[in-house]
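Me: I would like to go through this structure step by step. Could we start with how the helices pack and then move on to single residues?

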Amino acid sequence: TAPPPDRIGRPRGPCGTPTCSSPCTRPRRECPPCLAAPCHAPPDQGRAQRPDPRATGPYEEREQQRAAHTGGGEQRSAGLPEGDAPERHTAEGPAEARRLEQREGAGEGRDPPPLGATRAGPAPRSPGRGGGPVLTAAPPLHSRLRRLASRAFTATRVRALRPIVEQMADELLDEALERKDVELMSDVALPLPIRVIGELVGVPVADRPGLQPLVRAAKGGIEPAATPDELRAAVRAITELNAYFGDLLEERRRRPADDLLSALVAAREADDRLTRDEIAATAVLLFAAGYETTAALIGSGTLALLEHAGQQERWRRDPFIGPTAVDELLRWDSPVQVNPRIALEPVEVFGVRLEPGDSVLALQGGANRDPDRFADPETLDLSRPDNQPLSFGWGIHHCLGAPLARMEGEVLLGRL
C-alpha cells in the first residue's frame, strides 16, 4: 500500500519521502535517490549574472550605512546592542520610544511571556514553538537565533543576489506582457519574493504553492481584529508549518545543501542549546516573512504610484531615485501597520504603568505619518530626505530581511 500523501498533498515514495514531479523541476542535489519518481533535472548550470551598475555607487553606500545603523549589516548581524538604535519618533515621542526600545533587551536569561499575554493571564503558547521563534524571543535566545539567521541577509549577500532578482523580475514581466490581463499580486508581486526566499531558505519549488495558504492563515492570526475562527485556523496552520519545516530540516540533516535550512541544521548540531522546535519556528518565520511583506510593498507601492501620476513620472525620469522611492512608499503605506511588544519589567510610559506580561501595540503605520518627524507627512515625495520609516520595526527586532525586501521592491517597482 502506498504511503498517504504528505501534509501539503504530495505523494510519498516507498520510503515515505515525498516524490518529485515528472518531469522534475528540482535541482539534482535536492532530489534524493530514494524517491520513487526519477529526477530529470540537469545539474545546476548557474545563472549568467549581469553586472550591477550601482555596485560601487551611492546605492551601495546607502545600504551599507543603513545596515550598520539598524543591525542588518555584516559587522552587527546579531542585532543592535541595547540603546544603540536610531532616534525613533512615535505617538509617544522619541524619548519614550527609546526607553521602550532599550528595554526590549531586558530580561536576560528569562523567557518572555508569550505573545498576547496581559494582566488577565497569559495567552496559550503556539504549538511546537518551544522557547519561541526569533520574532518573540528575548536575549540570550534571541541573540543566538538572530545571529544564525542573519548570515543569509548581509549587505554583501543581498548585493550578490541583485542580478538574480533582476533576471527573475524580467522573466515574470515578460510572461505578464504576453497576457492582456494581469492580476498584479498573484502573477507578479507574490511570485518574485517567493522564488527568492524559497531559494535562500531551501524550500523545494514543488512545495511552495502548498505552503502559501498555510502562511496566509497563520498571518491572519496576528491581525489585531482576528476572529476566534481565524485564530483557530492560525494555530492549525502554524502547527502544519512547524511540522513541515521540521521534516525538511531532518531531510537537510541527512542531505545538506547550499541553503539556510542546512546552515540552521549545522548550527543546531554545533550548539545544543537550540532545540528542534526553535530551529523549525525560525525557518517558518524566515520563509513566511520573507515574501509576505515584500509582496505587500509591491502591491501598495503600485497603488500609490497609480494614484500619484506625478511621482510615477518622476521615477521614470530619474530611475536612480529607486532607494529613496522605496523608503517613501514604505512610509506611505507600511506593509506592517502594528507591532506588539510585551513588558518584561515594570515601566511607566506617559503616566501609564505597565507590569511584566502587559501587551502594547505600537502603531508604526501611524508613526510613519508623525508630523513631528516627517515634514508634510500626508504628501508622497519619492525624493524625501532623511527618511527612516518604522515599517521594518526597530531595535533588536528590526527585520533581518529589510535590505532584501528593499532591493526586491526597487527592482520590480522600477521595472513596472
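Me: At roughly what angle do the axes of helix α8 and α10 cross?
Reply: This is a predicted model. In it, the axes of helix α8 (residues 228–254) and α10 cross at roughly 110° and come within 9 Å. The two helices are therefore roughly perpendicular to each other.

Me: Which residues make that contact?
Reply: From α8 the residues are Leu 241, Asn 242, Phe 245, Gly 246, Asp 247 and Leu 249. From α10 they are Arg 276, Ile 279, Ala 280, Ala 281, Ala 283, Val 284 and Phe 287.

Me: What does Phe 245 touch, leaving out residues up to four places away in sequence?
Reply: Phe 245 touches Ala 280, Ala 283, Val 284 and Phe 287, which are among the α10 residues of the contact just described. Phe 245 also touches Val 201, Val 203, Leu 211 and Leu 261.

Me: Which residues touch the most other members of the largest nonpolar core?
Reply: They are Phe 153, Phe 245, Trp 315 and Leu 329, in a core of 74 residues. The largest share of this core, 13 residues, comes from helix α10, which spans residues 276–307.

Me: Staying with α10, is Ser 300 buried or exposed?
Reply: Ser 300 lies in helix α10. Its relative accessible area is 16%, so it counts as buried, the limit being under 20%. A polar atom of the Ser 300 side chain lies 2.8 Å from the backbone oxygen of Ala 296.

Me: Now the overall picture. How many helices and strands are there?
Reply: The protein has 14 helices and 4 strands. Of its 416 residues, 50% are buried. The protein exposes about 19600 Å², and carbon and sulfur atoms supply 55% of that area.

Me: What share of the contacts between residues at least 6 apart in sequence join residues at least 24 apart?
Reply: The share is 67%.

Me: Back to helices. How many residues of helix α6 are buried?
Reply: In helix α6 (residues 191–201), 9 of the 11 residues are buried, so the helix is largely enclosed by the rest of the structure. Among the buried ones are Pro 191, Leu 192, Ile 194, Ile 197 and Val 201. Val 201 is also one of the residues that Phe 245 touches.

Me: What follows α6?
Reply: Gly 202 follows α6, and its phi is positive, near 105°.

Me: Which residues other than glycine have a positive phi?
Reply: Phe 350 is one of them, with phi near 50°. Asp 386 is another, with phi of about 45°. As background, most residues other than glycine have a negative phi.

Me: Where are those two found?
Reply: Phe 350 is in the loop between β2 (347–349) and β3 (352–354), and Asp 386 is in the loop between α13 and α14. Phe 350 counts as exposed, at 59% relative accessibility. Asp 386 is exposed as well, with a relative accessible area of 56%.

Me: And Asn 368, buried or exposed?
Reply: Asn 368 is buried, with a relative accessible area of 0%. Its place is in the loop between α13 (364–367) and α14. Setting aside residues up to four places away in sequence, Asn 368 touches Leu 330, Arg 331, Ser 334, Phe 374, Pro 389, Leu 390 and Ser 391.

Me: Leu 330 belongs to α12, I think. At roughly what angle do the axes of α12 and α14 cross?
Reply: Leu 330 is indeed in α12. The axes of α12 (residues 322–332) and α14 (residues 402–415) cross at roughly 105° and come within 9 Å. That makes α12 roughly perpendicular to α14. Gly 322, Pro 323, Val 326, Asp 327, Leu 329 and Leu 330 in α12 meet Arg 406, Gly 409, Glu 410 and Leu 413 in α14. Leu 329 appeared earlier, among the residues that touch the most other members of the largest nonpolar core.

Me: One last topic. Which residues does a cis peptide bond join?
Reply: A cis peptide bond joins Pro 139 and Pro 140, with omega about 5°. Pro 140 is found in the loop between α2 (94–103) and α3 (141–149).

How values were computed
Residues are numbered from 1 along each chain as its sequence is written. This is a predicted model: local features need pLDDT of at least 70, side-chain atom pairs count only at pLDDT 80 or more; totals for chains, interfaces and linings use all residues. Side-chain values use heavy atoms; hydrogens and water are left out. A nonpolar core is a set of buried Ala, Val, Leu, Ile, Met, Phe, Trp, Tyr and Cys residues joined through side-chain atoms within 4.5 Å. Buried means under 20% relative accessible area, exposed over 50%, partly exposed in between (1.4 Å probe, protein chains only). Contact means heavy atoms within 4.5 Å. Accessible areas come from the Shrake-Rupley method with a 1.4 Å probe; for residues, only the protein chains shown count as cover. A polar contact is a pair of N or O atoms within 3.5 Å; within protein, one must be able to donate a hydrogen and the other to accept it, and residues adjacent in sequence count only if both atoms are side-chain atoms. Axes are lines fitted to C-alpha atoms, for helices over the stretch in contact, and angles run from 0 to 180 degrees between N-to-C directions. Angles under 35 degrees count as roughly parallel, over 145 as roughly antiparallel, 65 to 115 as roughly perpendicular and the rest as oblique.
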